[in-house]
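Student: Could you take me through one helix pairing up close, and then show me where it sits in the whole protein? I'd like one connected answer, please.

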Amino acid sequence: MSTRKKKTRTRGDARTLDLDKILRSGEVRDETPEGFRSGFIAIIGRPNVGKSTLLNRILGEKLAIVTRKPGTTRRRLLGVLNTDNAQAAFFDTPGLERPASKLGRFLLEEVKAACAGADLALFLTDDAEGEVDENALALIEDAGVPAFLVINKVDRLKDKAILLPVLAKYAEDDGFRSVYPVSALKGDNVEPLVEDIIQALPEGPRYFSPDMTTDVSEALLIEEFVREQVYRLLHKEIPYAVAVKVREMERAGRSGLLHVEAEIYVERKSQRGILVGKGGNRIKKIGELSRTEIERRLGEQIYLGLKVGIKPNWRQKDAALSELGYENI
Ligand SMILES: Nc1nc2c(ncn2[C@@H]2O[C@H](COP(=O)(O)OP(=O)(O)OP(=O)(O)O)[C@@H](O)[C@H]2O)c(=O)[nH]1
Ligand SMILES: [Mg+2]
């Protein structure tokens, strides 16, 4: 990679998180020790390379949804890692690809926004020969962010020696600050990676109070966990045509049970039939599986009602995208 120009960067991500407000409100009473480090790290790469798996592994909890299908993540998600000496704010991002719809354009903007505010980018690939996508590289170059190359899924390699020439090649290249072969799935080499990430961050304050570890609201988490099960249970084009929206969320009076009503949208009537299944068996299964995952994450039981609606061609329509929350802030 060529040498990068240092650009003046704004924290695009921070704007959406209202970082200024958090700091002004004095919510962050920063009594950090000498040498405390903090900053933003964008995890980027082609679809399906394991970005969300890596975020979950680093945080030690399931925040981002993961499926076998490329194109799972649809927005930038913040996950904050707090240690005694550092606060590292990671952004998971959608897989980088040429946009084929208005939704695709939104996804690309999400990646750019994550990079614009970042102190460091983790450039993920699952190609053991370390081939990296030129468009993706251009993106981090444009943002002027230093980057690590992370070669994921090395657990799949029978012979790890295949990595040696790649490591040698990038050691001589001044484009990447470091190269890490890891397995996000198994956790191999992730700890040293995190240590090195922290060392690469500037000294700075805590941007988030230690109990704020994500910007994902409960409603968004529920929408994502339902969508994850749709991806897992259905194939071909259907998952991509799906969007989930929580319509109601309230605690029932005496029991205090969280009552959630969500709607799953598809683009066509035929897709609705497939999603609902014979006698409603598929939608029931989606409901059961996602409820279990949501309850595990929230640590409480919930009621989850699911309906299926149709929004023709929503991936190409600004109003529908905005209504579904796919809108760059
Ligand atoms: N064998 C192996 N599989 C992995 C590893 N990391 C992720 N995967 C699998 O790769 C698939 C995609 O993982 P994700 O984490 O959803 O990938 P992603 O880059 O976030 O994908 P998008 O959101 O679509 O861009 C899933 O089936 C994961 O289980 C790994 O280290 N080893
Ligand atoms: Mg993902």
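Tutor: Let's start with some vocabulary: helices here are DSSP runs of H or I with at least four residues, numbered from the N terminus. Their axes are lines fitted to C-alpha atoms over the stretch in contact, and angles run from 0 to 180 degrees between N-to-C directions. One caution early on: this is a predicted model, where local features need pLDDT of at least 70, side-chain atom pairs count only at pLDDT 80 or more, and totals for chains, interfaces and linings use all residues. Residues are numbered from 1 along each chain as its sequence is written, while chains are lettered from A and ligands numbered from 1 in the order in which they are written.

Now for the pair. Helix α8 covers residues 218-233 and helix α10 covers residues 281-298; they pack at about 135 degrees, with 9 Å between their axes. That angle is why α8 and α10 count as oblique to each other (under 35 degrees is roughly parallel, over 145 roughly antiparallel, 65 to 115 roughly perpendicular, and the rest oblique). Their crossing is right-handed, a label used if the near helix is turned clockwise from the far one by less than a right angle; anticlockwise would be left-handed.

Who touches whom? On the α8 side the contact includes Leu221, Phe225 and Val226, and on the α10 side it includes Ile286, Leu289 and Ile294. Contact here asks for C-beta atoms, placed from the backbone, within 7 Å. By class, this contact has 10 nonpolar, two polar and five charged residues (Ala, Val, Leu, Ile, Met, Phe, Trp, Tyr, Cys and Pro are nonpolar; Asp, Glu, Lys and Arg are charged; the others, Gly among them, are polar).

Let's zoom out. The domain assignment gives domain 1 as 12-200 and domain 2 as 218-323; such bounds come from an automatic or database assignment. The two centres, taken over C-alpha atoms, are 28 Å apart. Between them, 10 residues of domain 1 are in contact with 14 of domain 2. The domain 1 side of that contact splits into three nonpolar, four polar and three charged residues.

There's another helix pair to look at too: α4 (residues 102-116) and α5 (residues 134-143) pack at about 40 degrees, with axes 9 Å apart. Their crossing is right-handed. In this pair, Val111, Lys112, Cys115 and Ala116 of α4 meet Leu139, Ile140 and Ala143 of α5, giving six nonpolar, no polar and one charged residues.

Note on methods
Contact = placed C-beta atoms within 7 Å. Helix = DSSP H or I, 4+ residues; strand = E, 2+ residues; numbered from the N terminus.
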